[in-house]
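Grab your viewer and work through these exercises one at a time. Try each task yourself before you read its solution.

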Amino acid sequence: MPSLFSLITLLLYHIININFTTAENPIVQTIYTADPAPLIHNNRFYIFTGHDEDNSTDYTMLDWRLFSSSDMANWQHHRSPMSLETFSWVSAQAWAGQVIPRNGKFYFYVPVRNGQTGRMAIGVGVSESIEGPYEDAIGGPLLENNEIDPSVFIDDDDDEQAYLYWGNPNLWYVTLNDDMVSYTGEITQVSLTTEGFGTRPEPTEERPTAFEEGPWLYKRDGLYYMVYAGTCCPENIQYSTGPSATGPWTYGGVVMESSGASFTNHPGIVDYGNVSYFVYHNGALPGGSGYTRSVAVESFEYNEDGSIPVLQMTEEGPEQVRDLDPFVRQEAETIAWSEGIETEECSEGGLNVGDVNNGDYIKVNGVAFGDGAESFSASVASESDGGDIELRLDGEDGLLIGTCTVVGTGGWQEWTTVSCPVTEATGTHDLFFKFVGEGDGFLFNFDWWQFE
């Protein structure tokens, strides 16, 4: 029987270590990500990103990636929804794109290099699922003028008219047809005036204003916002506002100053629940640079006059908006923070956690155990001798509530379920999966988990 002292100590531990509601930035640590495009769908926050290849010294980008969250702290990694191979006519540059739903489908607008002309063009992928896979919707470019960074907006006050903006160094738009893969009328070049888009420290004839690239168009309370990467280099984020989706535009100011290892930035703003979120990229991960970037998220409140305040890059990110339920199956690739691991295609569907070495860990924020858990189960696979999954609370070396042993299963995709007892798991805590094993090789793969 535990002593009174140990019971009091345990009680104090659980009282002190509850309600951890801080998220983590950057939101993905397994790969380098860039050029985020947020989208709310079915009460879930999705972010489509570009993917900087490891050790890049240029914009080496071959596919797009997708992450989602229902609590703004733990992000599920999804399969790559689209790559350069989707487009037979494309040779390079899987750069900044955006997805938008319409007509029961999802349309993915991306800037890519046309392998036949060598020029940058806008391609369109289409899927019946937000997660993809996306297919080439046209078989060629939607348009091509050697400029980049498409942003699409559907105006609910204008007969659901869709607008496509893009540009670097200029800013352009067209009105899309209802099919979302063709347009009507001429391509319009926006007049970049200092009244509309601010001043550049050293203006040139080609770049007379603060506008650089990466437009993001949205509407709030009847006011239209054009947010974009400004100046260069390094870039900051600035914005303008207007009475319609086509302006005229009035300069609003700086949203985020340039900071960190990346000399570029790229904005996206959406509301989720009653909170506004600003999504961007920096170079905050180890090895980060202007070519190895990482997506981050901040929450914010508009000023009373509707203006956007100046936002700071943080390591904490936004508050967690709801606890995670450990008593339903959770994907192992749902992560608040991780060290060492990567994700890969899983034979059971989706992704699994792989490249697990001794000492690696995954952190899951704000896990609500309630009155307590008694056991833990996980789907695992191993071609080696396996290892242990240590279940710890509130720290990599925090309170040990259980240990699940993984043995060899005969292959990295030969899955089995392992279980182990759990003690002292009550209340709400950050949960750490710490991976322990012998040798220098990979220990096992990890697909999903659940407490009982």
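**Exercise 1. Work out the strand order and edges of the open sheet of three strands.**

Start with the order: this open sheet runs 19-20-21, and its pairing is antiparallel. Strands here are DSSP E runs of at least two residues, numbered from the N terminus, and two strands pair if DSSP finds at least two bridges between them. Next, look for the edges: strand 19 and strand 21 (294–300) each pair on one side only. Then check the twist: neighbouring strands of this sheet are turned by 30° against each other on average, direction ignored. The axes behind that angle are lines fitted to C-alpha atoms, and angles run from 0 to 180 degrees between N-to-C directions. Finally, zoom in on one pair: strand 20 (residues 275–282) and strand 21 run antiparallel and are joined by seven bridges. In this pair, N282 sits opposite S294.

Before you go on, two notes on what you're looking at. This is a predicted model, where local features need pLDDT of at least 70 and side-chain atom pairs count only at pLDDT 80 or more, while totals for chains, interfaces and linings use all residues. Residues are numbered from 1 along each chain as its sequence is written, and side-chain values use heavy atoms, with hydrogens and water left out.

**Exercise 2. Do the same for the open sheet of four strands.**

The order is 15-16-17-18, again with antiparallel pairing. Strand 15 and strand 18 (250–256) are the edge strands, each pairing on one side only. From one strand to the next, the twist averages 25°. In the middle, strand 16 and strand 17 pair in the antiparallel sense over seven bridges. One spot to find there is Y225, which stands opposite T241 in strand 17.

**Exercise 3. Describe the largest pocket: what is its volume, and which residues line it?**

Begin with the idea: rolling a probe the size of a water molecule over the atoms shows where empty space is left. On a 1 Å grid over the protein atoms alone, a pocket is an open set of points with protein on both sides within 12 Å along at least five of seven lines, a cavity is a set where a 1.4 Å probe fits but cannot get out, and lining residues have an atom within 4 Å of a point. A volume is the space filled by probe spheres set on the points, which are joined across faces, edges and corners.

Now the numbers: the largest pocket has a volume of about 510 Å³. Of its 20 lining residues, F153, L217, Y218, I269 and V270 are the closest to the centre. Strand 15 gives the largest share of this lining, five residues. Sorted by class, the lining has 15 nonpolar, one polar and four charged residues. Here Ala, Val, Leu, Ile, Met, Phe, Trp, Tyr, Cys and Pro count as nonpolar, Asp, Glu, Lys and Arg as charged, and the others, Gly among them, as polar.

**Exercise 4. Why does the second largest pocket lie between domain 1 and domain 2?**

First, its volume is about 330 Å³. Of the 17 residues lining this second largest pocket, Q29, T30, Y32, L285 and P286 are the closest to its centre. Strand 24 (residues 337–339) supplies the largest share of the lining, three residues. The key step: domain 1 (33–300) and domain 2 (330–451) both give residues to the lining, so the second largest pocket lies between them. Those domain bounds come from an automatic or database domain assignment.

**Exercise 5. Track down the largest cavity.**

The structure holds one cavity of 30 Å³ or more. About 60 Å³ of space lies in the largest cavity. Of its 13 lining residues, the closest to the centre are G97, P150, P215, W216 and H266. The lining of the largest cavity splits into six nonpolar, five polar and two charged residues.

**Exercise 6. Which peptide bonds into P133 and P234 are cis, and where do these prolines lie?**

The bond from G132 to P133 is cis, with omega near 10°, and P133 lies in the loop between strand 9 (120–127) and strand 10 (135–136). The bond from C233 to P234 is cis too, with omega near 15°. You'll find P234 in the loop between strand 16 (223–230) and strand 17 (236–242).
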